[in-house]
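Here is a friendly walk through one protein model. Have the sequence and the coordinates open as you read.

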Amino acid sequence: MKELAGRLTALDPDAGAAVQVIGYFDRLAESRAGLEALVRGAAVLAGCAARLVDAERRVRVRVEADGTRRDSESPPDPSWPSFALTPGGASALWLERTAEAAPSVVDAVILERAAGVARLVLDRTRGRVPADDPELVETLLDATAPEPARLHAARRLGLDVADPATRARVVAPLDRPPRVVVAPRDTGTHGGGRPASAAPHPDGGPQPTPAHPQPLPPDTELPAGRLGIGPAVPVLDLPRSWAAARTALRFTADGTAQDPGERIVHADALGGIALLADLVVPGAEPPPDVHDLEAAAANAPWLLATLHAVAATTSLRAAAAEINVHHSTLQDRLTHAESLLGWPVRTPQGRLRLQLALTMRHLARP
């Protein structure tokens, strides 16, 4: 192959380069190279960033021209040269070549050969299974399942278990099976200039949970209804994210007048409030303040929505605007609510008690 490439280069530089590209990717295929190595080869050979996007199997790999992996959640530019992994399929390998650059024979060979090998790797390691196969998800989230079985399930679900930077989280719907969602790769900084990816602990333990929940990928389709969302964790820690997501689900509400509150709750955002979930047993006798809330709500249909607005906003005027009533009307409602509850809700201590009572009402549901 080297001799042929040398002869062709003397006659036609592009043809010689194309033969070298073919030989390069053939060697990667023979050595059973991974996806990142394939995309890195395409980027370095083409002299521009390359990315592999397979949404069905949740694979996104992007490598700069210098060989540095730097993934991106932004969609590929349709003007970039690309090659589909399967005929007519949406999954493809892209070269981030600007529209001004003339199409190259070598680029075409790079795309075709790299995409062909990538397809073989994906079919070998991840197969073609439903992205949320219930049995695989159950195995992946079972802390008692053997580690090899969970890793196999993760690969079949499209998770890149070979990359230690891969993070995923669990979404827990109310009446449906859980879903596993790949977390965006940290590329920027959070407030104050602190790097998004903190350094590991000196003892090698897990990194601390971020103070604020990181957003889900923009193309994530969430089920309707109440959802608990677990923290982003390494693949083998997903049982922990699943447990946290189930806890977060208990803090959710339908968002109606009779069940006001947030429909989606991130476990990351609960902080110390999550400890209440261990104190209030679902379906058991609720705490006295929850009894008082239920009794008061039976006498005033507007009460729960009004008290939630007071507990969830920064001022009484903001609460009045939230439920679309005049400020004086809100004051009258609160006077009546306080008489029914037996404690004030407009003092700092009373407002905290109200917030806890509303939260415990959610947690006490069967």
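## A strand between two partners

Let's begin with a pair of facing residues: Arg-51 stands opposite Trp-94 in β4. Arg-51 belongs to strand β1, which covers residues 50–54, while β4 runs over residues 92–95. These two strands pair in the antiparallel sense over four bridges. Please keep in mind throughout that this is a predicted model.

β1 also has a second partner, strand β2 (residues 59–63), and the pairing is again antiparallel, over five bridges. Here Leu-52 has Val-61 as its bridge partner in β2. The two strands make a hairpin with four residues between them, and Arg-58 in the turn has a positive phi of about 60°.

How many of the five residues of β1 are buried? Five of the five are, so the strand is mostly covered by the criterion of under 20% relative accessible area. The cover extends to both faces: Ala-50, Leu-52 and Asp-54 are buried on one side, and Arg-51 and Val-53 are buried on the other.

## A cavity beside the hairpin strands

The search finds one cavity of 30 Å³ or more, and about 50 Å³ of space lies in the largest cavity. Its lining takes in Arg-51, Leu-52 and Val-53, together with Arg-60, Val-61 and Arg-62, and also Asp-71, Ser-72 and Ser-74. The elements that give two or more residues to this lining are β1 and β2. Sorted by class, the lining has four charged, three nonpolar and two polar residues.

## Two nonpolar cores

Leu-52 comes up again in the largest nonpolar core, which has 30 residues. Which members touch the most other members? They are Phe-25, Leu-52 and Leu-93. Helices α2 (13–30), α3 (35–46) and α4 (105–125) each supply at least two residues of this core, and so do strands β1, β2 and β4. The largest share, 10 residues, comes from α4.

Phe-25 is a good residue to click on. Leaving aside its neighbours within four places in sequence, Phe-25 is in contact with Leu-38, Gly-41, Ala-42 and Leu-45, and also with Ile-110, Arg-113, Ala-114 and Val-117. Apart from the largest core lies another core, of 22 residues, with Ala-297, Leu-303, Leu-307 and Ala-319 among them.

## The second largest pocket

Next comes a pocket: the second largest one holds about 590 Å³ of space. Of the 19 residues that line it, the closest to its centre are Phe-251, Glu-262, Ile-273, His-308 and Thr-359.

Which element gives the most to this lining? It is α13, with six residues. β8 (264–266), α10 (303–312) and α13 (348–363) each supply at least two. By class, the lining of the second largest pocket has 12 nonpolar, six polar and one charged residues.

## Two loop residues with positive phi

Most residues other than glycine have a negative phi. Arg-32 has a positive phi of about 55° although it is not a glycine. This residue sits in the loop between α2 and α3. Is Arg-32 buried or exposed? Arg-32 counts as exposed because its relative accessibility is 56%, and the cut-off is over 50%.

Asn-324 is another case, with a positive phi near 60° in a residue other than glycine. Its place is in the loop between α11 (316–323) and α12 (327–341). With a relative accessible area of 71%, Asn-324 is exposed.

## A histidine in α9

His-291 lies in helix α9 (residues 288–299). His-291 counts as partly exposed because its relative accessibility is 39%, which falls between the limits of 20% and 50%. Not counting residues up to four places away in sequence, His-291 touches Glu-285 and Pro-286. His-291 and Ala-357 are 66 residues apart in sequence, and their C-alpha atoms are 9.2 Å apart in space.

## The whole chain

Stepping back, the protein has 13 helices and eight strands. Of its 366 residues, 42% are buried. Among contacts between residues at least 6 apart in sequence, 59% join residues at least 24 apart.

Technical notes: Residues are numbered from 1 along each chain as its sequence is written. This is a predicted model: local features need pLDDT of at least 70, side-chain atom pairs count only at pLDDT 80 or more; totals for chains, interfaces and linings use all residues. Side-chain values use heavy atoms; hydrogens and water are left out. Buried means under 20% relative accessible area, exposed over 50%, partly exposed in between (1.4 Å probe, protein chains only). Two strands pair if DSSP finds at least two bridges between them. On a 1 Å grid over the protein atoms alone, a cavity is a set of points where a 1.4 Å probe fits but cannot get out, and a pocket is an open set with protein on both sides within 12 Å along at least five of seven lines; lining residues have an atom within 4 Å of a point. Grid points are joined across faces, edges and corners, and a volume is the space filled by probe spheres set on the points. Ala, Val, Leu, Ile, Met, Phe, Trp, Tyr, Cys and Pro count as nonpolar, Asp, Glu, Lys and Arg as charged, and the others, Gly among them, as polar. A nonpolar core is a set of buried Ala, Val, Leu, Ile, Met, Phe, Trp, Tyr and Cys residues joined through side-chain atoms within 4.5 Å. Contact means heavy atoms within 4.5 Å.
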